[in-house]
Each structure stands twice: as C-alpha cells, then as structure tokens.
Amino acid sequence: MGDYHVKNAVAILTFNRIHTTKKLLELMKIIKPSRMYVIIDAPRKNRDGEVEQVNAVKQLFENEINWNCEVKKNYAEENMGTCMRQYTGFSWVFENEEQAIILEDDCIPNIDFFRFCDEMLEKYKNDERVMMVSGSNYLKKWDSGYSYHFSSMGGIWGWATWRRAWEKYDVDIKAWGDLELRKNIHNKLGWEMYQHRKEAWDNLYMNSSKAKTWDFQWWFARTINNGLTIIPNVNLVSNIGFDSSAVHTTASSPNVNLEVYSMKFPMKEPDFVMENVAYDKALFHLLFRGRFRKRVHRWINDVLEWKVKK
C-alpha cells in the first residue's frame, strides 16, 4: 500500500468524538492534503460535557496538523443538527472546490482510498452520468472483472464528488411533489425498491424542516438525475462509529468495522459506464430487503387488525 500524498482537498466533518477524529488526523499526516476543510457543529444545549468535548476536537486541528496545509474551518455558532450541518458544510466546501473527498470522523479509510478517489475524480470529472465516488463496498468484495463498477446506490462512508453533482442536491426534495416524476421513479426502481425509498422521501418531503438526515436527499438527487456511483471492487473504508457517542448510529450493524482491502494499481477500467444490476440487487438484499419485508408484514397485520375491529 505504501505512502500516498492525496491531490484533492479533503473535507472532514466531525463533532464531539475525540478518539475517532484523532485516528482520522493520524491518517491525514500520512496522505498530507494541501487543503483541508473542517466542518463542526456547535454543542447541543443541556448536554453535560459536550462543550468541552467539541472544544477538544477543535483543538486537535490546532495541534495535530504538522505539514504544509491550508486549513479552512466552518464552525457553527449554534447547533444545526446532522441534516443542516452536513448540507451547509458540504455546500461550503463546493463553493471553494470543484471536487473534493469527504470523510466523517468515524469513517476510517486505508491509503488506497485516496488514490482511488483522486483517479476517479479526474477521470470522470466531466462525465455527467457519474455523480459520486464511494469508498465503501458493503459486500466487502465484488468480482466484476474490473477494479470498480457503477451502481445506482452507493454508501457515503468515505466518498467524493464534484461541484457539478452537488449542485443538483435539494435538501427539501421539492421535486418529490411531482406525481409524474414519482411514476417514473417507480418504473425505474421497481416496486420493492420504490417502496423502501418512498417511505423515507415522503417523510422528508412532508417534514423537511425537521429532517435529521441528509443522505436520503443525496440519494434522491442521484436517482432523479440517473446519477451513477463508482464502487471499488473491494471495501476501502471502515465505519468505527457505531457506539453510544454517535448521534444516529448507536445500534449495531453488519456493516460496522468492515475489513478494508488493498487495491491493485494501475486499475483495470470497465468497458461500459452503466449500472451493475447484479451488484445492486445483492446490495439491496443485504441492506434493505429484510427490514422492508418486516415493515410489509406489519402493514398487513395492521390492516387485518383494522378489518377485524371494523
């Protein structure tokens, strides 16, 4: 694997977790980005010790950066919550950069992730079909015959994109109100996948001011623009943040602490820019099908119970 000095700017979103942020900064000392963007939310009110924790995280960026690096900081004055903090923070990054690599404080990649992102950002920078580069392969390995493939899905645990793609992001997903668009999305995704996403998008559309997530809106933007995500043939990022200190990911997950693997360079390029349908089906089965079927069973039981009462 060896040392690698990243070419693109790296944006880090962090908050109150000193131990994971410190691990990420140890990695930054190896790849030595020349430009870093640091996004931190303000402490929440009535959370004992959180002011001190957030200040300690900020102090890490004062003490640990010991190479030639331009560090830009975006620190919220009041707590914005995970949706608006990510949205405003990432938008700020792309006001300054045409393309960037983005990491949250609990997403720890290997060195190959940065070379992979650098090469993909350069190769597809003008290809409107491609909207994201993901370092996560939740299936761990996928032998497509190439070093990477394309997906209509793709994880945000270590990712990269371009300003041209991020400009399509709408935190309020206003386009979801277009019934004709919904029909087209249904036809594109199929019933099962559509039902899974519909639940999330309905909630966001009707309660956008209370949204606690930002990534379902990013998924929506990619879906309505037929945007593809680049997936490496091996997993390059491990999420180590599923614990009681997390804002959302406090429960266990089969995707936590995934093993990371080395990539072979130079990469073998795929012959076509199109979705790998077999991969997406396998990924949906792993991530969503079980949970979706449980919800369907609950819906059926609720309907039957209602009919019995009626």
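In this predicted model, His149 touches Asn137, Trp142, Ser144, Thr229, Ile230, Ile231, Pro232, Asn276 and Tyr279, when residues up to four places away in sequence are left out of the count. His149 belongs to strand S7, which covers residues 148–151. With a relative accessibility of 4%, His149 counts as buried, because the cut-off for that class is under 20% relative accessible area.

Aromatic residues form a second topic, for the structure holds 25 aromatic pairs. In one of these pairs, the ring centres of Trp159 and Trp166 are 6.3 Å apart and the planes stand at 40°, so the pair is classed as tilted. Trp159 and Trp166 are both buried. Another pair joins Trp201 and Phe220, whose ring centres are 5.1 Å apart and whose planes stand at 75°, so this pair is edge-to-face. The pair of Trp201 and Phe220 links distant parts of the chain, since Trp201 lies in helix H7 (residues 191–206) and Phe220 in helix H8 (residues 215–224), 19 residues apart. Trp201 has 0% relative accessibility and therefore counts as buried, and Phe220, with a relative accessible area of 3%, is buried as well.

The two ring pairs are set side by side here.

| Ring pair | Distance between centres | Angle between planes | Class |
|---|---|---|---|
| Trp159 and Trp166 | 6.3 Å | 40° | tilted |
| Trp201 and Phe220 | 5.1 Å | 75° | edge-to-face |

Ring pairs also link Tyr87, Phe90, Phe94, Trp159, Trp166, Tyr169, Trp214 and Trp218 into a cluster, so that the tilted pair of Trp159 and Trp166 takes its place within that cluster.

Charged side chains also meet aromatic rings in this model. Lys123 lies over the face of Tyr124, at 5.6 Å from the ring centre, while Arg164 lies over the face of Trp162, at 4.3 Å from the ring centre.

The helices that carry Trp201 and Phe220 also pack against each other, H7 and H8 making an angle of about 115° with their axes 10 Å apart. The crossing of these two helices, H7 and H8, is left-handed. On the side of H7, the residues that take part are His196, Arg197, Ala200, Trp201 and Leu204, and they meet Phe216, Gln217, Trp219, Phe220 and Thr223 in H8. By character, the residues of the contact of H7 with H8 divide into six nonpolar, three polar and one charged. Both members of the edge-to-face pair, Trp201 and Phe220, are thus among the residues through which H7 and H8 meet.

Technical notes:
Residues are numbered from 1 along each chain as its sequence is written. This is a predicted model: local features need pLDDT of at least 70, side-chain atom pairs count only at pLDDT 80 or more; totals for chains, interfaces and linings use all residues. Side-chain values use heavy atoms; hydrogens and water are left out. Helices (H or I, at least four residues) and strands (E, at least two) are DSSP runs, numbered from the N terminus. Buried means under 20% relative accessible area, exposed over 50%, partly exposed in between (1.4 Å probe, protein chains only). Contact means heavy atoms within 4.5 Å. Rings of Phe, Tyr and Trp (its six-membered ring) pair if their centres lie within 6.5 Å; planes under 30 degrees apart count as stacked, over 60 as edge-to-face and the rest as tilted. A charge sits over a ring if NZ of Lys or CZ of Arg is within 6 Å of the ring centre and within 35 degrees of the ring normal. Axes are lines fitted to C-alpha atoms, for helices over the stretch in contact, and angles run from 0 to 180 degrees between N-to-C directions. A crossing is left-handed if the near helix is turned anticlockwise from the far one by less than a right angle, and right-handed if clockwise. Ala, Val, Leu, Ile, Met, Phe, Trp, Tyr, Cys and Pro count as nonpolar, Asp, Glu, Lys and Arg as charged, and the others, Gly among them, as polar.
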